[in-house]
Amino acid sequence: MRDRKKTLGFHRPDEMERHILFKAQRNAYLFLVGALLVWSLWESGQVYLRHGRLNPLPCLLLAGAAVIQAFSQLALTRQAVKDDEDSRETSPLAWLVTLGFAVAAAVVAAVGAFLLMGARV
């Protein structure tokens, strides 16, 4: 059964395969963040040069990627050190709650800004 799982692609990756997968995912993430940053700057430049409407999509995607990365890092850190008594990581849960409140405040501010922009137009 073990050989059949391995031939079907259901095997657990070894350390080298995990390292390669991690590097590939990191490179893809950095590319996407860079592309979103360039797109955000391009859209901002178009607004200032041509006095058009701002496309908030690249900025929102960039902010979303940053929030998801921060939340994932904090959650994985909390998962890794929750049973370790010698860990110096004191309270990743507090950072998770703080990050949650910051994201909620940013969403409320963005919705309020969109409503005000819609009311003026």
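1. In this note, Ala, Val, Leu, Ile, Met, Phe, Trp, Tyr, Cys and Pro count as nonpolar, Asp, Glu, Lys and Arg count as charged, and the others, Gly among them, count as polar. The structure under discussion is a predicted model. With these classes, the lining of the second largest pocket comprises 3 nonpolar, 2 polar and 1 charged residues.

2. Which residues line the second largest pocket? They are F22, Q25, R26, Y29, L30 and Q69. Helix 2, which covers residues 15–50, supplies the largest share of this lining, namely 5 residues. The volume of the second largest pocket is about 190 Å³. As a general principle, rolling a probe the size of a water molecule over the atoms reveals where empty space remains.

3. The overall arrangement of the protein chain should be noted next. The secondary structure consists of 4 helices and 0 strands, and the order of elements from the N terminus is α-α-α-α. Among contacts in the protein chain with a separation of 6 or more, 36% join residues that lie 24 or more positions apart.

4. The protein chain has 121 residues, of which 9% count as buried. Its accessible surface amounts to about 10,500 Å². Carbon and sulfur atoms account for 66% of that surface.

5. Helix 2 contains 36 residues, and the distance from its first C-alpha to its last is 52 Å. This is close to the 52 Å expected at 1.5 Å a residue. Just after helix 2, H51 adopts a positive phi of about 55 degrees.

6. Which residues of helix 2 are buried? They are L36, S40, E43, Q46 and V47. In an α-helix there are 3.6 residues a turn, so residues three or four places apart point the same way. The cover over the buried residues of helix 2 includes helix 3, residues 57–81.

7. S40 merits a closer look. This residue belongs to helix 2. It counts as buried because its relative accessible area is 7%, and the cut-off is under 20%. When neighbours within four places in sequence are set aside, S40 is in contact with P58, C59 and L62.

8. Helix 3 may be checked against the expected span. Its 25 residues should span 36 Å at 1.5 Å a residue, and its end C-alpha atoms are 36 Å apart, so the two values agree. The buried residues of helix 3 are P58, A65 and L74. P58 has thus been met twice, since it is buried in helix 3 and is also in contact with S40.

9. A94 lies in helix 4, which covers residues 92–120. Is A94 buried, partly exposed or exposed? Its relative accessible area is 39%, which falls between the cut-offs of 20% and 50%, and therefore A94 is partly exposed. A94 and L74 are 20 residues apart in sequence, and their C-alpha atoms are 9.8 Å apart in space. L74, for its part, is one of the buried residues of helix 3.

Technical notes. Residues are numbered from 1 along each chain as its sequence is written. This is a predicted model: local features need pLDDT of at least 70, side-chain atom pairs count only at pLDDT 80 or more; totals for chains, interfaces and linings use all residues. Side-chain values use heavy atoms; hydrogens and water are left out. On a 1 Å grid over the protein atoms alone, a cavity is a set of points where a 1.4 Å probe fits but cannot get out, and a pocket is an open set with protein on both sides within 12 Å along at least five of seven lines; lining residues have an atom within 4 Å of a point. Grid points are joined across faces, edges and corners, and a volume is the space filled by probe spheres set on the points. Helices (H or I, at least four residues) and strands (E, at least two) are DSSP runs, numbered from the N terminus. Buried means under 20% relative accessible area, exposed over 50%, partly exposed in between (1.4 Å probe, protein chains only). Contact means heavy atoms within 4.5 Å. Accessible areas come from the Shrake-Rupley method with a 1.4 Å probe; for residues, only the protein chains shown count as cover. The expected span of a helix is 1.5 Å times one less than its number of residues.
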